[in-house]
Amino acid sequence: MRVGLFVTCLTDLMRPRIGLAALKLLRAAGAEVVVPATQTCCGQPGYNSGDYAAARPLALKLLREFADCDYVVAPSGSCAGMIRVHTPALFRNDPKADDIRKLAERTYELTDFLVRIAGIERIPGNYTGTLTYHDSCSGLRELGVKQQPRALLARMPGVRLVEMAENETCCGFGGTFAVKFGDIATRLADNKCQHVEASGADAIVAGDLGCLLHIEGRLRRRGNNRTKVWHIAEVLAGETEN
């Protein structure tokens, strides 16, 4: 199968190692992976701000860039959710509606793809320690990503997953939400940090870098320099930094 890796803006700009980890995992699952060099944004910031006119051209750009891929995979429930759930709504009664629908149907979040489509047999990583998992809003509520990352972590003998309280509650990031409603976002992040710390886990793991940057920033401002913050792809691929 030919898989197009949609790297996402945050990964590209803030933590490229996640993209490389996703590439490693997809190859371990037996996929032929292509990474279109011209890819940029899924259009979510514009869409969430009501600027549909800006989001549409980006969707058409994705359509062209991933036209020859059997699947499109993103290490982000947020970006995958944008393409799979929201993009088709931008093209109702449009000549490109059917093509956009097909793009949406073959787009997956990384762990969902590895478990349900690729059926990955070998997990490259060999992490040893305790982890707690934050269920990011878009992946959980739009794509049903809940058991997939946990099933993959369960296949790593050295991992002990400790579920924190309110693991499905928003961390407060929400893209532009954290900019528009800073006080609320900070309070939500503080609540999340308290649950992370109470779990006693060595690290918090999630499937969306936006959430992780938000949580890590608040952990460090609270004086917590102990708890590691990793993307699920980094752990599964063995690309964590100690």
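## The cavity and its lining

The largest cavity in this predicted model is lined by Gly-77, Glu-109, Tyr-133, His-134, Asp-135, Ser-136, Gly-139, Leu-140, Val-145, Gly-207 and Asp-208. Its volume comes to about 80 Å³. If you search the whole structure for cavities of 30 Å³ or more, you find one. How do you look for a hole like that? Rolling a probe the size of a water molecule over the atoms shows where empty space is left.

## Asp-208, one of the lining residues

Let's pick out Asp-208, which is part of the cavity lining. You'll find Asp-208 in the loop between β7 and α12. Is Asp-208 buried or exposed? Its relative accessibility is 6%, and buried means under 20%, so Asp-208 counts as buried.

Now check who Asp-208 touches. Skipping its neighbours within four places in sequence, Asp-208 is in contact with Ser-76, Gly-77, Ser-78, Ser-136 and His-231. Gly-77 and Ser-136 are also on the list of cavity-lining residues. Glu-109 is another name on that list. Along the sequence, Asp-208 and Glu-109 are 99 residues apart, while in space their C-alpha atoms are 9.9 Å apart.

## The sheet with β1 to β4

Time for the strands. One open sheet has four strands in the order β2-β1-β3-β4, and the pairing is parallel. Which strands stand at the edges? They are β2 (32–34) and β4 (107–109), and each has a single partner strand, so one side of each is left without a neighbour in the sheet. From one strand to the next, the twist averages 35 degrees. Strand β3, residues 71–74, pairs with β4 in the parallel sense over three bridges. Across that pair, Ala-74 stands opposite Glu-109 in β4, and Glu-109 is the cavity-lining residue we met above.

Helices lie across this sheet too. Helix α2 (residues 16–28) crosses β1 (2–5), β2 and β3, and runs at about 170 degrees to β1. Helix α7 (residues 110–118) lies across β1, β3 and β4, at about 105 degrees to β4.

## The sheet with β5 to β8

There's another open sheet of four strands, with the order β6-β5-β7-β8 and parallel pairing. Here β6 (159–161) and β8 (228–231) take the edge spots; each has a single partner strand, so one side of each lacks a neighbour in the sheet. Neighbouring strands in this sheet are turned by 35 degrees against each other on average, ignoring direction.

Zoom in on β7 (residues 203–206): this strand and β8 pair in the parallel sense over four bridges. Val-205 stands opposite Trp-230 in β8. Helix α12 (residues 209–221) lies across β7 and β8, and runs at about 175 degrees to β8.

## The nonpolar cores

What about the greasy-looking side chains? The largest nonpolar core has 47 residues, and Leu-26 and Leu-153 have the most contacts inside it. Helix α2 gives this core its largest share, six residues.

Which residues does Leu-153 touch, leaving aside its neighbours within four places in sequence? The list is Leu-131, Tyr-133, Val-159, Leu-161, Ile-232, Val-235 and Leu-236. You've seen Tyr-133 before, as one of the residues lining the cavity. A second, separate core has 22 residues, including Cys-42, Cys-79, Met-82 and Ile-83.

Key: Residues are numbered from 1 along each chain as its sequence is written. This is a predicted model: local features need pLDDT of at least 70, side-chain atom pairs count only at pLDDT 80 or more; totals for chains, interfaces and linings use all residues. Side-chain values use heavy atoms; hydrogens and water are left out. Two strands pair if DSSP finds at least two bridges between them. Helices (H or I, at least four residues) and strands (E, at least two) are DSSP runs, numbered from the N terminus. Axes are lines fitted to C-alpha atoms, for helices over the stretch in contact, and angles run from 0 to 180 degrees between N-to-C directions. Contact means heavy atoms within 4.5 Å. A nonpolar core is a set of buried Ala, Val, Leu, Ile, Met, Phe, Trp, Tyr and Cys residues joined through side-chain atoms within 4.5 Å. Buried means under 20% relative accessible area, exposed over 50%, partly exposed in between (1.4 Å probe, protein chains only). On a 1 Å grid over the protein atoms alone, a cavity is a set of points where a 1.4 Å probe fits but cannot get out, and a pocket is an open set with protein on both sides within 12 Å along at least five of seven lines; lining residues have an atom within 4 Å of a point. Grid points are joined across faces, edges and corners, and a volume is the space filled by probe spheres set on the points.
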